[in-house]
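Good morning, and thank you for the opportunity to speak. I would ask you to look at the sequence and the structure together while I go through them.

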Amino acid sequence: MEIVSRKEQHNINKLHKRLRRLVGAAIADFNMIEAGDRVMVCLSGGKDSYALLDILRSLQAHAPLPFELIAVNLDQKQPGFPEHVLPGYLTSIDMPFRIVEQDTYSVVKRVIAEGKTTCSLCSRLRRGVLYRVAGELGATKIALGHHRDDILETLFLNLFYGGKLKTMPPKLVSDDGRHIVIRPLAYCKEKDLEAYAEVADFPIIPCNLCGSQKNLQRQAVKEMMQQWDKKFPGRLETMFTALQNVQPSHLADPALYDFRGLKTGNEPLADGDKAFDPETFEPTVAEILSLNKDRGSNTST
């Protein structure tokens, strides 16, 4: 058995506490879980949903308010799917669960042409099944394992390909209006969840339906963000902060802000423009160093 050093154990404890704190903050900020809630945790077998369940269980044990958790996995009948893994894991940790069998895989493969992205249809089919199961279980909240990076990726996907300024919100009402969907990992970084999953040694089940597809738009956006994060540390944090600091008066959606009704007055407006002064943005130290490095590499000798 591998021996963990004191320093490694200290880092593991720090990571666990950080994730718990971030999940707790998201739950509090968006009032995700209330007393008496029955939370259906959607467990895919991936690192994020395992971490979500594990952290929620930890918070549940120390929460000042009572709530229930039940894990639900949708077995989509993908070829080679290890059906025994999740029941074995959930039984071993004494977690109430339900495995739902629905052959959405065959539907997706029949409807979507070879080489085309299956994610959209797969997601819709999966969502419909999970909503139905939530009703059957009497779940008051549906918890999904999307994290901060997923939310930012979706923002750029909608911006680049959908012409919308839209992303995954931490909390929303389901399409049919009957369920509340929550994303308690909204403040968590993917790389922290990867490290947590590795330490916890979760029995990860890869998705062979969509994960094997090449050149997906989401993958391209993910790689772009990873490059930014490596070159300019802190940029992703700033972008996520922007999602919580929206100024409709400085965008261009007349349905969101009453531009037509704007009139002059004698009182200053909190969201008014500051004359014709351009906004200035101070670069971070990392950006300055990177820019100087790029300039140096482009200088001929």
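Arg218 counts as partly exposed, because its relative accessibility is 31% and the range between 20% and 50% carries that label. Please bear in mind that this is a predicted model. Arg218 forms a salt bridge with Glu153, and the closest N and O atoms of the two are 3.2 Å apart. Is Glu153 buried or exposed? Glu153 is buried, with a relative accessible area of 1%. This salt bridge links distant parts of the chain: Arg218 belongs to helix α8, residues 217-231, while Glu153 belongs to helix α6, residues 148-162. The two are 65 residues apart in sequence. Nor does the pair stand alone, for salt bridges with shared partners join Lys47, Asp48, Glu153, Glu190, Arg218 and Lys222 into one network.

How many salt bridges are there by this rule? The count comes to 18. Let me show two others. In one of them, the side chains of Asp192 and Arg18 meet at 3.2 Å, N to O. Here too distant parts of the chain are linked, with Asp192 in helix α7, residues 190-200, and Arg18 in helix α1, residues 6-29. They are 174 residues apart. Asp192 counts as buried at 11% relative accessibility, whereas Arg18, at 29%, counts as partly exposed.

The other joins the side chains of Glu83 and Lys77, at 3.3 Å from N to O. Glu83 is partly exposed, with a relative accessible area of 46%. Lys77 is partly exposed as well, and its value is 29%.

I turn now to the sheet. In what order do its strands lie? The six strands form an open sheet in the order β3-β2-β1-β4-β6-β5, and the pairing is mixed. At the edges stand β3, residues 97-101, and β5, residues 171-173. Each has a single partner strand, so one side of each is left without a neighbour in the sheet. From one strand to the next, the twist averages 25°.

Two of the pairings deserve a closer look. Strand β4, residues 141-143, and strand β6, residues 180-182, pair in the parallel sense over three bridges. Within this pairing, Lys141 stands opposite Ile180 in β6. Two helices pack on the sheet, and I shall take them in turn. Helix α2, residues 47-62, touches β1, β2 and β4, and its direction makes about 165° with that of β2. Helix α3, residues 85-92, touches β2 and β3, and its direction makes about 170° with that of β3.

The second pairing is that of β1 and β2, which is also parallel and runs over five bridges. Val41 has Ala71 as its bridge partner in β2. How many of the eight residues of β2 are buried? Seven of them are, and β2 is thus described as mostly covered. As a general point, the side chains of a regular strand alternate between the two faces of the sheet.

Next, a residue in a loop. Where does Pro66 lie? Pro66 is in the loop between α2 and β2. Its relative accessible area is 57%, so Pro66 is exposed, the limit being over 50%. Leaving aside residues up to four places away in sequence, Pro66 touches Glu34, Ala35, Gly36 and Asp37. Pro66 and Ile33 are 33 residues apart in sequence, and their C-alpha atoms are 9.6 Å apart in space.

The surface also carries a nonpolar patch of about 710 Å². Its members are Leu159, Phe160, Tyr161, Leu165, Val246, Leu251 and Leu256. One of these, Val246, is found in the loop between α9, residues 235-243, and α10, residues 285-298.

Finally, some values for the whole chain. The secondary structure comes to 10 helices and six strands. Of the 301 residues, 36% are buried. The accessible surface comes to about 18,900 Å², and 54% of that area belongs to carbon and sulfur atoms. Among contacts between residues at least 6 apart in sequence, 76% join residues at least 24 apart. The salt bridge between Asp192 and Arg18, 174 residues apart, links distant parts of the chain, as we saw. Thank you for your attention.

Technical notes:
Residues are numbered from 1 along each chain as its sequence is written. This is a predicted model: local features need pLDDT of at least 70, side-chain atom pairs count only at pLDDT 80 or more; totals for chains, interfaces and linings use all residues. Side-chain values use heavy atoms; hydrogens and water are left out. Two strands pair if DSSP finds at least two bridges between them. Helices (H or I, at least four residues) and strands (E, at least two) are DSSP runs, numbered from the N terminus. Axes are lines fitted to C-alpha atoms, for helices over the stretch in contact, and angles run from 0 to 180 degrees between N-to-C directions. Contact means heavy atoms within 4.5 Å. Patches are made of residues with over 30% relative accessible area and no salt bridge: like charges are joined within 9 Å, nonpolar side chains (Val, Leu, Ile, Met, Phe, Trp, Tyr) within 5 Å. Accessible areas come from the Shrake-Rupley method with a 1.4 Å probe; for residues, only the protein chains shown count as cover. A salt bridge is a side-chain nitrogen of Lys or Arg within 4 Å of a carboxyl oxygen of Asp or Glu. Buried means under 20% relative accessible area, exposed over 50%, partly exposed in between (1.4 Å probe, protein chains only).
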